[in-house]
Amino acid sequence: MGVKWPRDWFQVLKEISRLAPFLLSVFIYFALASQSSCPVWLRAFLKCLPILLLCAYILTLRIDLHTHSKASKLLAGLLFSAVGDILRSLSSQFHLLHGDSMFGLSHICYIWMFGLKPLNLLAGVFLLAIGAVYLLFLSRCLWEHQPLQWAAYIYIGLIGTMVWRASAGALFNHQWSWVKLFATVGGMLLAVSDFTYTISAFCFPVYHSGMIAATYYLAQILITLSAVYSESAVGKNRK
């Protein structure tokens with residue numbers, strides 16, 4: 001079954017009500033997880049809870065995962081992200097590396113979900129130039145973390161590719177739509193969140209950690225909405 005984009009205020013409010021658990025869990029995370037007295041296990045649970053509720057939101061739409069071209073890949077990406085959230089919350093270098101691996105798998109799922117059409121090489125070259133500048137900045141910090149250097153480069157390559165595929169439908173493309181714009185903004189925000197996290201982990205501490213979480217959750221919900229309301233996915237379901 002296909003999922004149609006809301007066309008009136010009643011449908012919009014209905015969708016917001018479906019997303020209310022996600023929005024409430026994000027609020028709870030910011031209210032409780034930032035407290036120094038919050039146990040590590042609770043912080044890890046609160047961090048992944050909004051992502052799990054996004055998975056539940058997708059299931060409430062009663063999407064046929066066998067015919068919807070993007071839903072199953074989106075769910076896999078969200079679940080990998082939730083596991084990554086838990087591992088990153090445990091703080092040790094061992095768990096951080098495995099958490100980053102989970103997010104790498106999440107980005108692979110998103111790349112698969114967004115696909116290679118349209119290719120939009122212009123957007124790819126533009127984003128490659130931005131990524132090269134970021135790598136030049138980050139390489140000074142990574143030089144001091146030799147065992148993790150190449151893993152970081154691979155991870156940055158994955159998220160850069162994900163942003164390219166997410167933005168291919170709207171960046172430098174006149175045939176854009178709100179759904180494609182959601183994908184573009186969501187992909188870029190996810191990159192901003194991850195890049196800020198990487199700078200905080202390898203270069204210098206970013207004290208406004210709330211910005212990392214805020215851009216992360218906003219990115220995930222925009223990517224989710226862009227996937228479930230994708231015109232190509234809906235079109236395939238109607239055939």
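**Two buried helix residues and a kinked helix**

Threonine 196 is found in helix α7, which covers residues 178–202. The model described here is a predicted one, and this threonine makes a convenient place to begin. With a relative accessible area of 14%, Threonine 196 counts as buried, because that term applies to values under 20%. Beyond the residues up to four places away in sequence, Threonine 196 touches Val206, Met211 and Ile212. For one of these partners, valine 206, the spacing can be given in two ways: 10 residues separate valine 206 from threonine 196 in sequence, and 7.5 Å separate the two in space, C-alpha to C-alpha.

A second buried residue can be followed in helix α4. This helix spans residues 93–114 and contains serine 106. The relative accessible area of serine 106 is 1%, so this residue is buried. Leaving aside residues up to four places away in sequence, serine 106 touches Gly77, Phe80 and Ser81. Leucine 78 lies 28 residues from serine 106 in sequence, while the C-alpha atoms of leucine 78 and serine 106 are 6.8 Å apart in space.

Helix α5 brings in a feature of another kind. Running over residues 121–142, helix α5 has a kink of about 30 degrees, and leucine 136 marks its centre. The buried residues of α5 are Ala123, Gly124, Leu127 and Tyr134, together with Leu138, Cys141 and Leu142. Readers tracing α5 in the structure above may find it handy to look for leucine 136, where the kink is centred, and then for the buried residues, among them Tyr134 and Leu138.

Definitions and conventions
Residues are numbered from 1 along each chain as its sequence is written. This is a predicted model: local features need pLDDT of at least 70, side-chain atom pairs count only at pLDDT 80 or more; totals for chains, interfaces and linings use all residues. Side-chain values use heavy atoms; hydrogens and water are left out. Helices (H or I, at least four residues) and strands (E, at least two) are DSSP runs, numbered from the N terminus. Buried means under 20% relative accessible area, exposed over 50%, partly exposed in between (1.4 Å probe, protein chains only). Contact means heavy atoms within 4.5 Å. The bend at a residue is the angle between axes fitted to the seven residues ending there and the seven starting there.
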